[in-house]
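Me: I should like to understand the terms used to describe this protein. Please explain how each one is justified.

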Amino acid sequence: MLVPSPLAALAPVDAEVPAEPLAHETASDRIRHRLMRAGQRYHANDNIAAYVREGELAELRSEVEGRLREVLHALVIDIGNDHNTADTARRVAKMFVDEVFHGRYQPAPKVTAFPNVSRLDELMVVGPLAVRSACSHHLCPIMGKVWIGVLPNASSDLIGLSKYARLCEWIMSRPQIQEEAVVMLADELERRIRPDGLAVVMAADHYCMHWRGVKDADAAMQNAVMRGAFKQNADLRREFLGLLRKDGD
Ligand SMILES: [Zn+2]
């Protein structure tokens with residue numbers, strides 16, 4: 001007999017999305033149905049802030065807390081009597097929703113762009129910016145650094161130094177895949193700055209490699225995205241990478 005995959009049951013087809021919110025719907029149901037009605041993707045590293053209404057994050061937090069209590073229960077941990085884990089579900093729910101994954105639920109940070117009045121057209125390097133993220137596969141921490149190279153033109157918009165860090169944090173505070181995280185960050189910066197060239201380099205430790213799996217303590221991953229002038233001009237690329245090497249290690 002063919003047993004249907006439990007995942008298939010979790011991926012409702014359009015016909016199953018109620019047109020109106022139902023009375024018994026949880027906050028996650030309501031948000032999910034809004035996303036589905038709008039045809040919006042809601043993968044782990046997508047931002048869904050536009051589909052979350054006032055007050056729903058608090059509801060989501062308690063829903064997650066309840067589910068985490070079930071996970072602890074399934075792990076045969078006596079949360080009723082073990083004083084260490086009595087409050088763990090609440091702490092982890094808050095950590096997920098408000099802290100380490102807040103980049104899924106909060107709108108983009110306010111970033112003011114300035115016109116490039118001095119008509120700067122020289123290579124700018126920003127970094128290293130600290131990266132604190134988590135892998136989508138195991139929800140294990142990813143800790144690393146990001147460097148950004150920008151080659152502006154006279155009509156580019158410039159953003160303040162601290163805003164690079166805010167945008168980077170917003171993108172990384174989601175369950176991520178490093179290869180996709182650098183592309184997301186590059187897209188976001190390119191859209192806002194409209195430079196002639198943009199480069200993003202990320203180097204990070206994946207704790208799923210240390211804590212579990214191959215337990216390779218030295219494993220780190222490096223990724224680079226090169227756009228526009230950085231892709232076409234080998235000298236510019238060399239200059240950028242040379243600057244990283246100097247302050248990198
Ligand atoms: Zn992993």
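The replies below set values against definitions.

Me: How do you know how far the model can be trusted, and what is its mean pLDDT?

Reply: The model is predicted, and pLDDT is the predictor's confidence in each residue, from 0 to 100. The mean pLDDT of the protein chain is 90, and 91% of its residues reach 70 or more. Residues 1-13 stand apart from this, with a pLDDT below 50. In the model, that stretch has 2 contacts beyond near neighbours in sequence.

Me: What are the domains of the protein chain, and how far apart are their C-alpha centres?

Reply: The assignment gives domain 1 as residues 6-105 and domain 2 as residues 114-248. Their C-alpha centres lie 29 Å apart. The contact between them takes 7 residues from domain 1 and 13 residues from domain 2. On the side of domain 1, helix H5 (residues 102-105) supplies the largest share, 3 residues. By class, that side has 3 nonpolar, 3 polar and 1 charged residues.

Me: How do you know that the span of helix H3 agrees with its number of residues?

Reply: Helix H3 covers residues 56-74, which is 19 residues. The expected span is 1.5 Å times one less than the number of residues, so H3 should span 27 Å. Its end C-alpha atoms are 27 Å apart, and therefore the two values agree.

Me: Why is helix H2 called oblique to H3?

Reply: Helix H2 (residues 27-37) and H3 pack at an angle of about 120 degrees, with their axes 8 Å apart. Angles of 65 to 115 degrees count as roughly perpendicular and those over 145 as roughly antiparallel. The angle of H2 to H3 falls in neither range, so H2 is oblique to H3. Ala27, Ser28 and Ile31 of H2 meet Glu56, Glu59, Leu60 and Glu63 of H3. These residues divide into 3 nonpolar, 1 polar and 3 charged.

Me: What makes the phi of Val76 notable for a residue other than glycine?

Reply: The phi of Val76 is near 55 degrees, which is a positive value, and Val76 is a residue other than glycine. Val76 comes just after H3, in the loop between H3 and helix H4 (88-100).

Me: How do you know whether the peptide bond from Gly127 to Pro128 is cis or trans?

Reply: The omega of this bond is near 0 degrees, and the bond from Gly127 to Pro128 is cis. Pro128 itself is in strand E2 (residues 124-135).

Definitions and conventions: Residues are numbered from 1 along each chain as its sequence is written. This is a predicted model: local features need pLDDT of at least 70, side-chain atom pairs count only at pLDDT 80 or more; totals for chains, interfaces and linings use all residues. Domain bounds come from an automatic or database domain assignment. Helices (H or I, at least four residues) and strands (E, at least two) are DSSP runs, numbered from the N terminus. Ala, Val, Leu, Ile, Met, Phe, Trp, Tyr, Cys and Pro count as nonpolar, Asp, Glu, Lys and Arg as charged, and the others, Gly among them, as polar. Axes are lines fitted to C-alpha atoms, for helices over the stretch in contact, and angles run from 0 to 180 degrees between N-to-C directions. Angles under 35 degrees count as roughly parallel, over 145 as roughly antiparallel, 65 to 115 as roughly perpendicular and the rest as oblique.
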